[in-house]
Amino acid sequence: MASDLSSHLELGSSLTVPNVQELAASIPPNENIPERYIRQEVNVGLVDSIDGDEIPVIDLTKLVDEENIDGEELSRLGLACKEWGFFQLINHGITKQVIEKTKNDIMEFFKLPHKEKEAIKQLPGHIEGYGQMFVHSEEQKLDWADMLTLVTLPHKDMRFWPKNPASFRDTLETYTLKIRELVDCLYRLMAKDLGVDPQVMLDVFSGQMQSIRINYYPPCTQANKVLGLSPHSDGIALTVLLQANDVNGLQIKKNGKWFLVKPKPGAFIINIGDMLEILTNGKYKSIEHRAIINMEEERLSIATFHLPRTDAVLCPFPDLVNVDGELYKTISVKEYTREYFSGKLNGKNALERMKLRK
Ligand code: OGA
Ligand code: NI
């Protein structure tokens, strides 16, 4: 059955929590929001937003054109993965039409009445569907967001796929297949940058499991006291993020400071996940990030996650084990996934536990 794969990978489940879109709409403007959303540790107003300190912008057309030429863009890609763990990808070849349709259908879904969205709500023990993730205790602070999670490859469980808007399923299928091709192209280029045999890299990653998370962040009158998505690194190999409307909110941590990512029109935000950090023996970095909330405007994003083969073992590519030796414990993809999804989002904690030397 379709859901076998996700349960096989133990993506876990989450406690049921209130729907934030409904909650946000029900609180009068001068009334406080529930205590469970108030985060003592954040004062988003104090964010360092260093002008000019932008994540690298990588041009895929240049990368592909220069494959046999000077490799300047390739070394920029390498630097982005090593020093930032994040970059914006432009001229990626996915048409404006596909992107606009995807954004549009996502926004339409979240405009539906609550009852209609509930038709695809998470079922007990499942992570797919409309709801939340990473909530494991009644005391845990909650994120100011609702999510729709779907496995897109290799099998889809259509019970959780919206039927409305009518084009949603086709749109998402087209979008995720295009992203899958793009990601395989990036893996090949990364192999070249790393000096790893591309075939070895593609054997582990090409055409493997993909899932999406659509994040819906309602506005909040106390926006500087809540978080849309707690600080975390992504527990997979590679993420492609598309901001679905023009409201910014993704922040990444660099040199101990948070700063805001400002996506260029039509660009994807790509980031390295924990599993790619382990497989590259720490050469590529999985960076902590979070999402903040806007006081007036809702924000939507779609994250597409890519895993290695689910039967793979995470240990560094032999070409990348130099004099330092291996820097991470060897762990299977299944085991890392189980560990990652059984906890709350907590910075880079899951990855830190894998390090052999602290
Ligand atoms: C994620 C994520 C950031 C955003 O879904 O893992 O980091 O801007 N999203 O929504
Ligand atoms: Ni993330």
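This report covers the nickel site, the sheet, the aromatic contacts and the cysteines of a predicted model.

## Nickel site

The nickel ion (ligand 2) has three protein donors listed here: NE2 of H232, OD of D234 and NE2 of H289, at 2.1 Å. Along the sequence, these donor residues follow the spacing H-x1-D-x54-H. D234 sits in the loop between β6 (229-232) and β7 (238-243), while H289 belongs to strand β11 (residues 289-291), so the pair ties together parts that are 55 residues apart in sequence.

D234 and H289 are both buried. Water is not among the atoms, so the site may look incomplete.

## Sheet

An open sheet of eight strands runs in the order β1-β2-β10-β7-β12-β5-β4-β3, with mixed pairing. The edges are taken by β1 (57-59) and β3; each has a single partner strand, so one side of each lacks a neighbour in the sheet. From one strand to the next, the twist averages 25°.

Within this order, β7 pairs with strand β10 (residues 268-272) in the antiparallel sense, over four bridges. One position in this region is L238, which stands opposite I272 in β10.

## Aromatic pairs

The whole structure contains 10 aromatic pairs. One of them joins F110 and Y130: the ring centres are 6.1 Å apart and the planes are at 65°, so the pair is edge-to-face. This pair links distant parts of the chain, with F110 in helix α5 (residues 96-111) and Y130 in strand β3 (residues 129-131), 20 residues apart. Both rings belong to buried residues: F110 has a relative accessible area of 2%, and Y130 has one of 5%.

A further pair is formed by Y340 and F341, whose ring centres are 5.2 Å apart with planes at 75°, so this pair is edge-to-face. Y340 is buried, with a relative accessible area of 11%. F341 also counts as buried, at 11% relative accessibility. The cut-off for buried is under 20% relative accessible area.

## Aromatic cluster and charges over rings

F110 and Y130 are also members of an aromatic cluster, which is made up of F109, F110, Y130, F168 and Y216. Y130 therefore has a place in this cluster while lying in strand β3, an edge strand of the sheet.

Two tryptophan rings have a charged side chain over the face. K254 lies over W84, at 4.4 Å from the ring centre. R290 lies over W258, and the distance to the ring centre is 4.3 Å. R290 falls within the residue range of strand β11 (residues 289-291), the strand that also holds the nickel donor H289.

## Cysteines

How many disulfides are there? The count comes to zero. A disulfide needs two cysteine sulfur atoms within 2.5 Å. For C81, the closest cysteine sulfur is in C185, at 13 Å, which is too far for a bond.

C81 is buried, with a relative accessible area of 0%. C315 counts as partly exposed, because its relative accessibility is 28%.

Methods. Residues are numbered from 1 along each chain as its sequence is written. Chains are lettered from A and ligands numbered from 1 in the order in which they are written. This is a predicted model: local features need pLDDT of at least 70, side-chain atom pairs count only at pLDDT 80 or more; totals for chains, interfaces and linings use all residues. Side-chain values use heavy atoms; hydrogens and water are left out. Rings of Phe, Tyr and Trp (its six-membered ring) pair if their centres lie within 6.5 Å; planes under 30 degrees apart count as stacked, over 60 as edge-to-face and the rest as tilted. Helices (H or I, at least four residues) and strands (E, at least two) are DSSP runs, numbered from the N terminus. Buried means under 20% relative accessible area, exposed over 50%, partly exposed in between (1.4 Å probe, protein chains only). A charge sits over a ring if NZ of Lys or CZ of Arg is within 6 Å of the ring centre and within 35 degrees of the ring normal. Donors are N, O and S atoms within 2.8 Å of the metal (3.2 Å for Na, K and Ca); water is not among the atoms, so sites may look incomplete. Two strands pair if DSSP finds at least two bridges between them. Axes are lines fitted to C-alpha atoms, for helices over the stretch in contact, and angles run from 0 to 180 degrees between N-to-C directions.
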